Structure formats: C-alpha cells, structure tokens
Amino acid sequence: MPIASTPPHTASRLRAPRLALILLLTLAGPLQAAPFTPASDEEVVERLPARPGLAERRARAELQRDPSRLPLALSVAREAIDRARREGDPREYGAAQAALAPWWAQRDAPAPVRLLRATILQARHEFAPALLDLQALAGDASLPAALRAQAGLTQVAVLQVQGRLAEAARACRALQAPELAAAGAGLARAAEVCAVEIDSLRGDLDPRQADLRLDALARQAPDDRWLALVRAELAVRLGDDTEAERLLAQAAGQGGDPYAQAARADWLLDRGRAAEALAAVSVGPVEADALQLRRAIALHRLGDARAAAALSGMTARLDAARHRGEPHLREEARLALDVGRDPARAWTLAQENWAGQREPADAVLLWRSALRAGQTAQAVRLLQAWTRDPARVDVRLCAAPTDAAAGGVRRPGERT
C-alpha cells in the first residue's frame with residue numbers, strides 16, 4: 001500500500017457523496033427544469049463509465065462465491081476505490097463496501113479492512129466513524145509504518161475538509177515521528193506539504209512563504225501532479241494567475257483526475273473563459289458529477305443550445321443523490337447560483353454545506369452566495385470562525401472585512 005498511490009486529500013476533494021440520511025428536498029424555483037427528451041434515437045443521453053476489466057470482474061465473481069477470502073476482498077475493494085477516484089463514480093465505493101461486507105460492522109476488524117472502511121466512509125463524508133478508525137490505526141505502534149502513515153494522511157484529509165485546522169496540524173506533525181520513517185521519503189514529503197498548506201490556511205504562515213517552501217519540495221518531485229495541484233490551489237488563493245494556470249494544466253494533464261480537471265475548469269470559468277472550461281471537462285472521466293456540473297455552467301454562460309439539457313441532467317443527478325441519502329451540497333449550491341439563478345437557495349445550501357466541510361472552495365462559495373443573497377454580515381461571522389483573517393488566506397475573500405461590525409464591505413481585490 002504505497003504512500004504515493006493515495007495523496008492525502010484526493011478522496012475528500014473528489015466531493016464523493018455523503019451517506020447522511022436526510023429527507024429528500026425538491027429542487028425549487030428556477031432549478032426545476034423540464035424533463036429532457038432526445039430529439040432523435042441517435043442523440044447521446046449519457047455515457048456510462050467503462051466496465052471493470054476482465055481480471056477485475058473475475059476477482060469479483062470469485063469473491064461472490066467465497067466472501068470470506070480476506071486477501072481477495074482487500075484487493076477487490078482497493079480496485080473499486082481506485083476506480084471511484086479515477087472515474088468520479090461513487091457507485092464503486094458501494095462495490096468496495098460490498099467486498100468488505102463480512103468485516104464491515106466489526107469494531108476489531110483487521111487493520112487493512114479498517115483503513116479501507118475509513119477511506120470509503122470519508123469519501124462519503126461520514127467523517128465521525130471514519131475518524132474513529134483512522135485515529136486508532138494511526139496511533140497503533142504495533143502496525144506497519146506504511147499502514148499507520150496512510151491512516152494518518154487520510155486523517156489529515158478528513159480534519160482539513162472539516163475545517164478542523166489545529167487538529168489537522170497536530171496530525172501532520174505526528175506523521176513526522178521517527179517511527180514512521182520506514183514509510184519512506186514519500187511520506188516525509190507529503191507530511192511537509194500538508195503542514196505548509198494547513199499553516200497557510202490558519203494564517204500562521206505567510207502564503208508567499210508557503211509558496212517558496214512548496215516550490216522547494218516540487219524540485220524534489222517535479223512530476224508529482226498532486227503536489228502541482230496543491231501549489232496551484234495556493235497560487236489561486238494568492239491571486240497569482242500565471243502560476244495558477246501553469247500548475248493547474250500540469251495537475252490536470254490530459255484528463256484522468258476529476259478533481260484536478262474541475263479545479264482547472266473553475267479557474268477558467270472565474271476568468272470568463274467558458275469555452276476553454278468546456279474543453280477542459282470534455283476529456284477523461286467526463287461523466288463524473290464534478291465535471292458535468294462545470295459543463296452545465298460553461299454551456300449556460302456560452303448560451304449554448306445544449307444548456308437546458310445539461311441543467312436537466314445535472315438536476316436529475318443531484319435529485320438521485322438525495323434519494324440515495326447522499327446529497328451533494330456544494331454542487332447543488334453551485335448549480336443554484338451559477339445556472340439556476342436562485343441566490344436565496346444557493347445561500348441556504350452553501351450554509352448547509354459549510355456546516356460539514358470548510359475548504360477554501362467552500363468558503364468562496366459561501367461568500368459568493370452571501371453577496372448575491374445580501375447576507376454578507378452572516379457570511380463574515382462564519383468565515384472568521386474558520387480563520388482569523390479570510391483575506392490573508394484567500395484573495396477571493398478580500399471583500400470580507402476584518403470586523404463585520406465595522407460596517408461596509410470591501411470589494412473583491414481590495415486589501416487592507
């Protein structure tokens with residue numbers, strides 16, 4: 001289970017569906033698009049993800065015949081998780097859980113099962129049970145260093161996505177313990193990247209100093225696309241468009257990482273380059289929800305004839321996710337704000353999303369929704385509970401004043 005195969009933030013940042021059971025909320029107002037009817041039998045309605053390969057299908061069939069084969073179950077579950085990440089298909093997490101079914105409910109399940117169980121839970125944003133497994137594994141000195149390190153990295157991802165930055169910083173420091181050195185240089189580099197990123201988010205490290213430190217780490221691993229993505233996100237927060245564009249292109253490559261592709265598309269959309277954003281999400285795992293959302297936004301901004309069908313399709317996807325008890329709150333808020341023209345609903349959804357996850361993209365969505373809905377004072381209070389000075393963390397939040405009670409709202413781009 002090599003460290004490099006699972007970057008600490010990848011699974012959380014894919015915005016995998018949550019399993020929290022809540023009542024279905026009907027998408028209201030402008031988001032209630034009319035049902036889409038294809039114009040002809042030749043029109044493509046949806047492209048299904050590629051089927052698992054022959055060897056993978058055979059392994060799944062063998063496991064169905066004898067579900068108690070632990071090594072085979074672990075292999076099948078890992079393959080399913082990898083497919084979920086590559087293709088942005090949350091159903092593969094269900095396949096991974098099914099492979100682990102004989103041990104799923106066991107508190108004292110074998111350590112590799114608990115690590116994969118936590119990975120699946122955190123991808124679905126069931127953070128509390130995921131952390132129970134991860135904290136126990138990371139702190140168990142009897143386990144191999146590689147397994148403890150992977151648990152620690154995933155723990156950092158969960159804490160960071162929740163905005164629990166002080167705890168995430170402590171978890172990063174724990175990864176630098178001498179007894180984990182056997183996990184290799186990849187862990188040491190990942191731990192340092194995590195520490196730099198979190199310190200910059202907390203305001204404890206000047207973002208430009210963070211940029212210098214990450215640049216030095218990148219020289220050690222120039223082909224590390226995950227590190228390129230972390231640096232790209234920092235460049236976006238700094239407002240360094242030249243570096244952001246270069247690094248986002250490096251991270252996204254020719255497609256294959258839905259999160260990196262979505263991040264690149266967002267940057268292009270923010271700069272009015274909708275045609276390029278549409279092209280950016282038209283390669284690789286194009287049916288991933290994250291990419292379909294950006295496609296819908298790009299088509300809407302371009303006034304493309306396919307925009308109505310894209311809205312209808314994305315609304316149906318989000319509706320289905322809610323029916324499964326897996327609401328995609330960030331995506332729902334983005335659709336309401338950027339396509340549905342319903343800022344009041346976007347603000348409600350952005351707050352609900354903020355209660356569960358607090359990454360920079362969530363902060364920007366909260367602030368954009370608040371500006372459109374006329375709720376800036378409430379948004380400032382929420383942002384300042386996350387980090388002391390939002391503007392220091394992210395130039396996109398420069399409109400948030402240091403003191404909401406001081407009155408007046410600075411426009412984006414103005415610094416104090």
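**Exercise 1.** State how R246 and E243 are placed in helix α13 and classify their exposure.

*Solution.* R246 and E243 both belong to helix α13 (residues 241-252) and, being three residues apart there, are separated by about one helical turn. The model is a predicted one. The next step is the interaction. The side chains of R246 and E243 form a salt bridge, with 2.9 Å from N to O. For exposure, the partly exposed class runs between 20% and 50% relative accessible area. R246 has 42% and is therefore partly exposed. E243 has 22%, so E243 is partly exposed as well.

**Exercise 2.** Find which parts of the chain are tied together by the salt bridge of R273 and E245, and classify the exposure of R273.

*Solution.* Start with the pair itself: the side chains of R273 and E245 meet in a salt bridge at 2.6 Å, N to O. Then locate the two residues. R273 is in the loop between α14 (258-270) and α15 (274-280), while E245 is in helix α13, so the salt bridge ties together parts 28 residues apart in sequence. R273 has a relative accessible area of 23% and is partly exposed. E245, at 34% relative accessibility, also counts as partly exposed.

**Exercise 3.** Determine how far apart in sequence the parts joined by D204 and R388 are, and say whether R388 is buried or exposed.

*Solution.* In the salt bridge between D204 and R388, the closest N and O atoms are 3.1 Å apart. D204 is in the loop between α10 and α11 (207-220), and R388 is in the loop between α21 (376-386) and α22 (390-393), so the pair ties together parts that are 184 residues apart in sequence. The cut-off for exposed is over 50% relative accessible area. R388 has 58% and is therefore exposed. D204, at 43%, counts as partly exposed.

**Exercise 4.** Give the count of salt bridges, and list the residues linked in a network of them.

*Solution.* The criterion is a side-chain nitrogen of Lys or Arg within 4 Å of a carboxyl oxygen of Asp or Glu. By this rule the count comes to 30 salt bridges. A network of salt bridges links D266, R294, R301, R334, D338 and R368.

**Exercise 5.** Describe the packing of α8 against α10, including the handedness of the crossing.

*Solution.* Two packed helices are described by the angle between their axes and the distance between the axes. The axes of helix α8 (residues 145-161) and helix α10 (residues 185-202) come within 11 Å and cross at roughly 15 degrees. α8 is therefore roughly parallel to α10, since angles under 35 degrees fall in that class. The crossing of α8 and α10 is left-handed. On the α8 side, the contact is made by A149, L153, V156 and Q160; on the α10 side, by L187, A190, C194, E197, I198 and L201. Sorted by class, the residues of this contact are eight nonpolar, one polar and one charged.

**Exercise 6.** Carry out the same description for α6 and α8.

*Solution.* Helix α6 (residues 111-123) packs with α8 at an angle of about 20 degrees, the axes being 11 Å apart. This makes α6 roughly parallel to α8. α6 passes α8 in a left-handed crossing. From α6, the contact residues are A111, P112, L115 and Q122, and from α8 they are L147, Q150, A151, T154 and V158. The contact of α6 with α8 has six nonpolar, three polar and no charged residues.

Conventions. Residues numbered from 1 in each chain as written. Predicted model: local features only at pLDDT ≥ 70, side-chain atom pairs only at ≥ 80, totals over all residues. Heavy atoms only, no water. Axes fitted to C-alpha atoms, helices over the stretch in contact; angles between N-to-C directions. Helix = DSSP H or I, 4+ residues; strand = E, 2+ residues; numbered from the N terminus. Parallel < 35°, antiparallel > 145°, perpendicular 65-115°, else oblique. Left-handed = near helix turned anticlockwise from the far one by under 90°. Contact = heavy atoms within 4.5 Å. Nonpolar A, V, L, I, M, F, W, Y, C, P; charged D, E, K, R; others polar. Buried < 20%, exposed > 50% of the residue type's maximum accessible area, 1.4 Å probe, protein only.
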